[in-house]
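This report introduces the structure shown below to a reader who has not met it before. Confidence, local backbone geometry and one helix pairing are taken in turn.

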Amino acid sequence: PAVIHSAQSSCLPFKPSCRSRAALISFGTLDKNPFAGSLLTSSTEIKSRAVVKYSAAPPPTSYALLQEKTDLKLPPANWLRENPQLGSAGTTILGSSSKSKPFSSFGMAYDFIDCIGDDVDVVSDSENIKKLLKIPYSKSHVSMAVHRVGRTLLLDELDIQELFMRSSQTGDWTWLKEFYQRLIDQKWQRKKKSKEHWYQKAILSKFLYYSINGDGAAEPVPDNLNEGEEENGAEEYSSSWPTTFTSTHVSVDSKFALGQVTSVPKEQNLPTLFNEGENSQGLRNDFVRNIMWTFEDIHMLVGSNMPIFGGGRYPAVSLRLRDNNKPINILTGIDYWLDNLMCNVPELVMCFHVNGIVQKYEMIKTEDIPHLENSTFSTRVVKDIAQNILSFLKSNCTKEGHTYWLFKASGSDIVKLYDLTTLCEEAEEEKCQNPFTLPRVKFCQFQLYLVASNLMLKARQNRKHYGTIRTLLLNCVKLLDQERHPQIIASAHYMLSELFQLDEPPEEDGGESLRAGGSEDSYSDEDREDSDESSSYSNCSSPQDDSKAVAVIRSVGELSVPEKYKSTHQIRPSCAFPVSQDKEERCRHVLSYVLKGLKAVDGSIKKESDLPAADPNTPIPLKYEDRNAIGACTAEKGLSLLLERAGPLQADQKHPTRSGMIPGSWQHHMKLQLFLKASKAYYVLSDAATNLLKYGRALRYIKLSLQCYDAYCSVSGTLHPQVLHFHSQCLSLCGDIQLMLAQNASNRAAYLEEYSYQTKEDQEILHSLHRESSCQAFNMATDLAMDPEYQLFVSSKCYEAAYELLVSEALKDHASDQLAQVLKRLGNIRNEMGVYYMNQSAAMQTEEEVKKSVSVAEQEMWKKSFAFFEKGMKDFEAIGDSTNTALLLCNTGRLMRICAQAHCAMSADQTRGEFSPEEALYYNKAIDYYLRAMKSLASRENHAAVWDSVNWELSTTYFTLATLLQDYAPLSRKAQEQIEREVTEAMLKSLKYCDLQTESARQPLYQYRAATIHHRLASMYHSCFRNQVGDEHLRKQHRSLAELHYSKAVCLFLSLKDAPCELLRTLLERVAFAEFTMAGQNSSAAKLKSLTGALEIMTETRYAFQLIHKELQEEQIEVGDGMCSSDVGPTSGLNLQEVMKLIGVFEPSFSFLLLQLIKLMTTMKRKPSNKDEELLITYKNVYSKLLRAEKNAPLLSRVGLYIELLQQLTPQTESDNTGTQS
């Protein structure tokens, strides 16, 4: 038999037990291609199909044909001996189960729990079915108990008189006796069986034993078959039975025979439901065979003890004994016909006797039984009776867990239905135990196993049935007393919590029907009562003389009318399951059911612990501490418990738990499941709060989740891989929350308020946890600290614990995906801690007033930061995450730059000294890390943003190195030429990584840096040109390089439009470079050409002055000569002090150029042309205005004057250039 194992349901407290017969396993498994048969009875076309679900009898053997004149009054040698062919029929007389124990249908339903609730309409003894279908034909009384489980009705004979006799000493049934005598049948008394009755029973028993082939005194008469056919038939029966048969009068559905299919429940690993004490109370399936019988559209699970023999043309016949002097009446005919239909037997063999002497045999086909003389009945009418009775019962037996009583008095035509459970509850004088407690308990157990079967076998595919399952469980909880049935109560609440899927959101497609409607009590008793009233029969309303009856059939003759009782009541309405889009609401449902389950378990534990009684109304505080004063060593010691709790436990629990639970008991298994479910619910709540940025609430929930897990560890002896995997997820989430708290320190007050809040439900769950554990193992990980450093430290320890758990022996083969996620988190937190210590060291630098040397504290910060960056890189490399590896390399490069800045040399007067070797060392290390980051990324296509960031940092580092070398040249250690080469090399490398083509936010910055690099290189070559003596070739090279870089710098500054000062400075330096070149010239023509070129460069400053003028106008700032930088407006983009300095250089240079040009043009020997005269006049005019300009005029007016003067020169120089070129 198949064994179903589910991690979520492996510890359910109940599961069906298999039938306790040794022959079960050899017969097969439940419903694995069962042999079945179908019959269409004659021309009436009554559809009947039977499938044997279980049989304790061996394959049928041929019956013995008794010799004529055999005396049945003489007992055979084997009489009353146990025989597997007859089963219990030999002693109970042809399968009569009238003496069977009460509520035997519960035992049958339990053995086939997977069929109950949806697939089967009725479960009962075959004798009860026959008795119901004979009601219109019989005057005898009918007394049956009816229970409902889902769509299924369980029918059992209820012998009131026998119950009264058995309970006469206890007085339990006083109220029912009085009710029975007052309303039902005061004159009816049990009739004693006559001697003739027992005589006929004994004759029948002896006949059956005589008929067993090979036993007793009688010998069988050979068939008409020849020996070969007999041998073939015997072989067929023994090896391949059942066999096919054909008939011209019976329609066969491919195969006709008894299918010997044993019912072995699939949940073999669960404890049995019925123990020996309960077996003695009749809740047991004692039938020889259980058959799934479909009669028209009615599906019934029936129990039968009828003996079946082989023989004749068919592999199965039933055997009957009749007195030849007494004709067969209609009741007997219906009996025989229904028995054969239920057991799918095609023929009836009738043995006639006179006073116990065998006379003859007669074989009758099953479809011919309704047409026997004196026994004619309509099969269509029997079908109508069955449908009407089923509709009547389904429409009125609506309350699950109630015991209904169907009663018809002897000789009466009125059938009444009573709700005995309600009557018992209404009996005020009844002080004894409810006599229907046992059926009610078993009914609830059926509901539990119906739910368990759905959860384990159908799981997610069957979510549309969750509303039905939930209704069953809620009814179960309402019906039972928690003090007397805590196990069932706890199990029901656990299964209710299992209905809420916490690990996945509601489906958008299939979930609509679930969300439509549905409240917390979507199918309450009140709703059912209302629907009962609206759907009751108009012709079955309670008569005036009996208001206690639920419903009444006024005349049994009505049952023969087709569709007289057509049920309009929906026995199993669609129960909407309350599926909420809100995760918190779903989790709160789960926690409420978990709490109720824990209360049921705690209430059942007899031995109380020595713990003081906790007040559930007193909250257990969730403490927070300021960890500023706690060192790393103390924290390490406190968090060691976290790693210990994370590992799998090795030894099973052998001693009682803290609360007194015995390991292996149902309380133990149930608490494990409830603790784990609560932990998962709090985990989901924490995750949802994290997504909402409610980090205080998230930390509170993950603390509760880990406390539930701590209690689980205290109770559990071993931790399954699934549990350990879930625990690693909890630790990872705890690490996430602590990291977020560290990064959002500004909202700490709000987080503290969220963390301190606690619901009453959470308090009660905590009190239940404290019965098993102190729940202190994870306090260090889940406290709300005030120190960001400590929070980062706790976060890293949580991730480390999760990692150690995933690489442990228990999980190393199960957690590849989760391991990658944890490694990524580890790399991230180590990066965060590295950045934290790096920023701390940078802050130390800015706080130092007098920089003498690198402090020990700074060096410790660097070491910590570097160690975390190194570990983080290893984590990301382990999962092949090149992007994050590049980011950590980039951060390490930044750390090296901070180290370099800390080593800058300061002189005694706090001025910057020469560029030190330590600075160079750390800058070069930074460059190495940036280059490794570029190599890790390989190309920009892999991650453009990270690539651009690393590219910018690399360019910046080269530029900073070159700038410091140029500005603070280490001339005491290196030659000027070597420094110039290093500066040029670093500048060009920085320029190489300036991405001028890619359009991005950094493009203007790249352009500015490139312009600055060209300007600095031009300035350096300008300086070399001025200072170089002797080597003319080198001087020319420096001159050309200076001109090249000046021109490139000017072009780039012109394209920026927001760097007028830099543009103005570059142009003025270029003018100075031209003036210096002119100083070495002797001829007037050469000097005139140089001066004219310098003036052209000077006129290009007009654009820079226009930008300055525009900004000054926008800000309406008037600044006079001599104003200091403190006068700069708060929103000004200009450095006014720099502007004033540049103007201070511009005016003298401009005046000098004009004056030299005027002198040179005036003293020229050659006769000036008209253009030269006009140009001279313009120069004189501009020079005159420049000299007469007011020195104390506002800056705005002065800049305006410069623009005007430069504008006068511009067309002149342009036309002059044109004439010269021509």
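Over residues 569–574 the pLDDT stays under 50, and for this stretch the model has 22 contacts beyond four places in sequence. Residues 1117–1131 likewise have a pLDDT below 50, with 23 contacts in the model beyond near neighbours in sequence. The model is a predicted one. For the protein, the mean pLDDT is 76, and 71% of the residues reach 70 or more.

Attention now turns to the backbone. Most residues other than glycine have a negative phi. Two residues with a positive phi are listed here.

| Residue | Phi | Loop |
|---|---|---|
| E296 | about 60 degrees | between β7 (289–295) and β8 (298–304) |
| N355 | near 55 degrees | between β11 (347–354) and β12 (357–365) |

Neither E296 nor N355 is a glycine. Is N355 buried or exposed? N355 is exposed, because its relative accessible area is 55% and the cut-off for exposed is over 50%.

The last topic is a pair of helices. Helix α36 (residues 1084–1099) packs against helix α38 (residues 1136–1162) at an angle of about 145 degrees, and their axes lie 10 Å apart. The crossing in which α36 passes α38 is left-handed. On the α36 side, the contact is made by S1084, K1087, L1088, L1091, T1092, A1094, L1095 and M1098. Residues of α38 in this contact include F1146, F1150, L1153, Q1156 and M1161. By character, the residues of the contact of α36 with α38 comprise twelve nonpolar, four polar and one charged.

Technical notes: Residues numbered from 1 in each chain as written. Predicted model: local features only at pLDDT ≥ 70, side-chain atom pairs only at ≥ 80, totals over all residues. Heavy atoms only, no water. Axes fitted to C-alpha atoms, helices over the stretch in contact; angles between N-to-C directions. Helix = DSSP H or I, 4+ residues; strand = E, 2+ residues; numbered from the N terminus. Left-handed = near helix turned anticlockwise from the far one by under 90°. Contact = heavy atoms within 4.5 Å. Nonpolar A, V, L, I, M, F, W, Y, C, P; charged D, E, K, R; others polar. pLDDT = per-residue confidence, 0-100. Buried < 20%, exposed > 50% of the residue type's maximum accessible area, 1.4 Å probe, protein only.
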